[in-house]
Amino acid sequence: MNKIIRLAVLLLCFCSCAIDNDAIYYPVGNVDVENGGPALEDGKGELVARSYNTEDYVLDTVAQYPGNPTLGKLTFMVNLKNQLAGQEANGFNGIGTSGLTMSLGYKDGNYPEESQVPVYASPDVTTAYAVKLRLKGELTLSGDDWMIDFVYVQLASLFQPYPPASFPEVFMCKGGEQSFACFDSFRRTWTFDIEYNRSNLFFSQLYFNLFVNLAGQKREDRIRLRIDKESFFEIYKLEE
């Protein structure tokens with residue numbers, strides 16, 4: 001009997017470890033976090049960096065597994081950027097075209113180092129900042145072989161691949177259908193419109209990323225992300 005019990009415990013531990021290493025067993029659900037001070041008042045801050053669009057642009061690419069993982073999940077990160085600079089500062093990487101980076105599991109955050117580049121690096125960690133942004137657009141899958149397990153967007157002072165709800169480094173985290181977007185199952189499209197305006201933020205580095213996890217039975221799928229021309233990103237230095 002004792003041998004049977006020990007075997008059952010060992011099997012339970014083994015299964016728990018297998019689940020723990022597989023990101024698909026960690027559904028995010030609805031996340032809605034906004035940290036920082038009150039909204040920035042007009043004239044209370046100096047604009048130090050700004051990016052924007054004059055027209056919609058589309059990231060249309062194939063999301064593939066890196067290496068040889070287990071079928072069933074497909075995780076990627078989008079480094080969110082706008083196309084033009086209204087105000088550009090040293091250390092500001094928010095200009096250009098959004099790019100896609102693959103990972104074997106969002107929970108472990110094993111993205112390549114070159115993808116973990118902050119959108120802004122502060123020259124003085126004692127400086128108080130405000131951030132105003134809008135992210136508007138849609139994410140579309142090409143076929144019926146994959147479904148969207150979760151999508152969330154995050155603004156943080158550290159690279160946080162898994163969406164925490166209470167970490168002080170996270171200034172904004174929005175995910176799920178209620179707080180992030182509306183999913184149209186017929187068109188297989190997530191439509192979203194996020195706005196953020198907070199002051200009294202302190203950071204040495206600032207990250208702004210979109211994380212997506214798919215579930216299905218193919219090794220790749222075509223992803224189409226449209227960034228609306230009304231999207232923008234602004235960083236202000238607060239007056240002392």
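Two strands pair if DSSP finds at least two bridges between them, and strands themselves (E, at least two residues) are DSSP runs, as are helices (H or I, at least four residues), numbered from the N terminus. The model on your screen is predicted, so local features need pLDDT of at least 70 and side-chain atom pairs count only at pLDDT 80 or more, while totals for chains, interfaces and linings use all residues. Residues are numbered from 1 along each chain as its sequence is written, and side-chain values use heavy atoms, with hydrogens and water left out.

**First stop: a hairpin**

Select strand E11, residues 181-184, together with E12, and you will see an antiparallel pairing over four bridges. Ala181 stands opposite Phe192, which belongs to E12. Four residues separate the two strands of this hairpin, and Arg188 in the turn has a positive phi of about 55 degrees.

Now follow strand E12, residues 189-201, as far as Asn200. Asn200 is not a glycine, yet its phi is positive, near 55 degrees. Is Asn200 buried, exposed or partly exposed? Buried means under 20% relative accessible area and exposed over 50%, with partly exposed in between (1.4 Å probe, protein chains only); Asn200 counts as partly exposed because its relative accessibility is 43%.

**Second stop: Glu234**

Move on to strand E15, residues 232-238, and select Glu234. With a relative accessibility of 10%, Glu234 counts as buried. Which side chains make polar contacts with that of Glu234? A polar contact is a pair of N or O atoms within 3.5 Å; within protein, one must be able to donate a hydrogen and the other to accept it, and residues adjacent in sequence count only if both atoms are side-chain atoms. The side chain of Arg50 makes one with Glu234 at 3.0 Å, and the side chain of Tyr236 makes one at 2.8 Å.

Contact in the wider sense means heavy atoms within 4.5 Å, and, when residues up to four places away in sequence are not counted, Glu234 touches Leu47, Ala49, Arg50, Ala130, Val131 and Lys132.

**Third stop: Ser51**

Next, select Ser51 in strand E2, residues 45-52. Ser51 is buried, with a relative accessible area of 1%. Its side chain makes a polar contact of 3.3 Å with the side chain of Asn82. Beyond its neighbours within four places in sequence, Ser51 is in contact with several residues, including Asn82, Leu84, Phe92, Phe232 and Phe233.

**Last stop: the cavities**

A cavity is a set of points, on a 1 Å grid over the protein atoms alone, where a 1.4 Å probe fits but cannot get out, and its lining residues have an atom within 4 Å of a point. Grid points are joined across faces, edges and corners, and a volume is the space filled by probe spheres set on the points.

How many cavities of 30 Å³ or more does a search of the whole structure find? There are two, and the largest has a volume of about 90 Å³. Of the 14 residues lining the largest cavity, select Leu80, Lys81, Asn82, Phe208 and Phe233, which are the closest to its centre. Strands E8 (129-141) and E15 each supply at least two residues of that lining.

The second largest cavity has a volume of about 30 Å³, and its lining includes Gln154, Leu158, Tyr207 and Phe211. Strand E9 (146-156) and strand E13 (205-216) are the elements that give two or more residues to this lining.

Conventions: On a 1 Å grid over the protein atoms alone, a cavity is a set of points where a 1.4 Å probe fits but cannot get out, and a pocket is an open set with protein on both sides within 12 Å along at least five of seven lines; lining residues have an atom within 4 Å of a point.
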